[in-house]
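Trainee: Got a minute to go through this one with me? I'd like to hear the reasoning behind each label, not just the label.

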Amino acid sequence: MVCPHRRLATLTKQLTGHVNAGRHRDALAFFARMATDPALPPLTDPSFAYAFPLALKSSAALRRPSAAASLHALAHKCGGLLQSPFVASALVASYGACASPEAARSLFDELPCRNAVVWSAMISVYVRSGDVAAAAMALADMDVAPTASCFNSVIAAVAESGEHPGRAIELYRRMAGMGVKPSLITLLALVPACAAMGALGSVREVHGFAVRHGMSTSCHLGSSLIEAYGRCGSLVGAQRVFDLVEERDVVVWSSVVSAYAFHGHGDVAMSLFGRMELDNVRPDGIMFLGVLKACGHAGRADDALNYFDVLTKTYGVEASGDHYSCLVDVLGRAGRLQQAYDVIRTMPVRVTAKAWGALLAACRKYGDVGLAEIAARVLFEIEPENAGNFVSLANIYSGLVNLSEEGGSHFGSYITD
């Protein structure tokens, strides 16, 4: 006869398979059979604490508050299961997903044992609901020592909100001050906040921590740091990080190419793209955009057209509206306005205001009133609330008036034609 605990372990693995494969209805039905199987240990057995969270995860995925409530009642009936941090945290997460943060908090307040894992679940419920202030307050109210996971959720939420990125840095320093070691996840959440502030000192602080703790060679953190250094104007820092990343994927290469392109070093950016090709790294859409921007900054329209063909035909990268808009901008900067207009007319994706805006800007630079009027007319329909388009066209007319006054031509007859 099979040992009950061994059978429970086997069935729990099968239950895990249902949950991981997204078969959540099957998972709940399977758990119901497990709960009534006389060949298994009783539900009060601590070994069942591994199966309950799986069923609760499926309840949350299906947004079934009745299922979560039934599992809660069953766990409560079994007494000791609510003492398990795995069951308790899964209940909090399930109530947060199925019902509301308030319902999750009410359950949380009634739990007999709340360790850092359970607190982290409650904080995550607030984060997922978009209530960053409540998440931060819960973190501050913790009556047990917080873990990195507790801080990570709040730091990521603050950084992603973009409202007060400085608070993310404050939380990181508070975390370190409490003796909680930041993890790679912490740094990945923090670096974009430093970049958003343009805080080069904070980027260096985080980079220094990563170097001291052996995280700086991670390609994920490396690409984030390269982008942050680039946004803060330190190409030296960006290059230093790039040089130390051990396994450079396309994201790392894209970050360094974009950093140089952003600061007008188009030739360097395109040289890096060539090095990437030699490393047999396939470009993606982000790299595609970075290369086109580099061509624009370097004033190399022919190279942009060539790269456009190579990336779409040789590498099979699908060109989006952003790529076509960038190509229009490159051609417009080079004064090839008719060619830029031809790209707009023939592009196989929906033409956005960004593409027409790039053409209008180029017309203003080179004084092409005819194409300017075409671009402006479309922009007035796409984004009538954007006064900048009216101003741009007016400035083009104003420039033509000034030229006509200097040359004695008849501007008035041109407008009325």
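Mentor: Sure, we'll go from the overall shape to one helix and then to one proline. Keep in mind that this is a predicted model.

Trainee: How do you know what kind of secondary structure the protein has?

Mentor: Count the runs: there are 24 helices and zero strands.

Trainee: And what makes you compare the protein with a compact globule?

Mentor: It gives a yardstick. A compact globule of 417 residues would have a radius of gyration near 22 Å, but this protein comes out at 29 Å. The C-alpha trace spans about 100 × 50 × 45 Å along its principal axes.

Trainee: How much of the protein counts as buried?

Mentor: Of the 417 residues, 47% do. As for contacts between residues at least 6 apart in sequence, 60% of them join residues at least 24 apart.

Trainee: Now α4. How do you know its length agrees with that of a helix?

Mentor: Helix α4 covers residues 65–77, which is 13 residues, and at 1.5 Å a residue it should span 18 Å. Its end C-alpha atoms are 18 Å apart, so the two values agree.

Trainee: Which residues of α4 are buried?

Mentor: Ala 67, Ala 68, Leu 71, His 72 and Ala 75.

Trainee: Why say that the buried residues line one face of the helix?

Mentor: Look down the axis of α4: the buried residues fall within an arc of 140°, so they line one face. The general rule helps here: an α-helix has 3.6 residues a turn, so residues three or four places apart point the same way.

Trainee: What sits on the face turned away from the buried side, and what covers the buried residues?

Mentor: The face turned away carries the exposed residues Ser 66, His 76 and Lys 77. The cover over the buried residues of α4 includes α2 (24–35), α3 (52–62), α5 (85–98) and α6 (101–110).

Trainee: What follows α4?

Mentor: Gly 79, with a positive phi near 70°.

Trainee: Last one: why is Pro 101 called buried?

Mentor: Set the value against the cut-off. Buried means under 20% relative accessible area, and Pro 101 has 17% relative accessibility, so Pro 101 counts as buried. Its place is in helix α6.

Trainee: Which residues does Pro 101 touch, leaving out those up to four places away in sequence?

Mentor: Met 122, Val 125, Tyr 126 and Ser 129. Pro 101 and Ile 123 are 22 residues apart in sequence, yet their C-alpha atoms are 9.8 Å apart in space.

Terms used. Residues numbered from 1 in each chain as written. Predicted model: local features only at pLDDT ≥ 70, side-chain atom pairs only at ≥ 80, totals over all residues. Heavy atoms only, no water. Helix = DSSP H or I, 4+ residues; strand = E, 2+ residues; numbered from the N terminus. Expected span 1.5 Å × (residues − 1). Buried < 20%, exposed > 50% of the residue type's maximum accessible area, 1.4 Å probe, protein only. Arc of directions from axis to C-beta. Contact = heavy atoms within 4.5 Å. Rg over C-alpha atoms; globule rule 2.2 N^0.38 Å.
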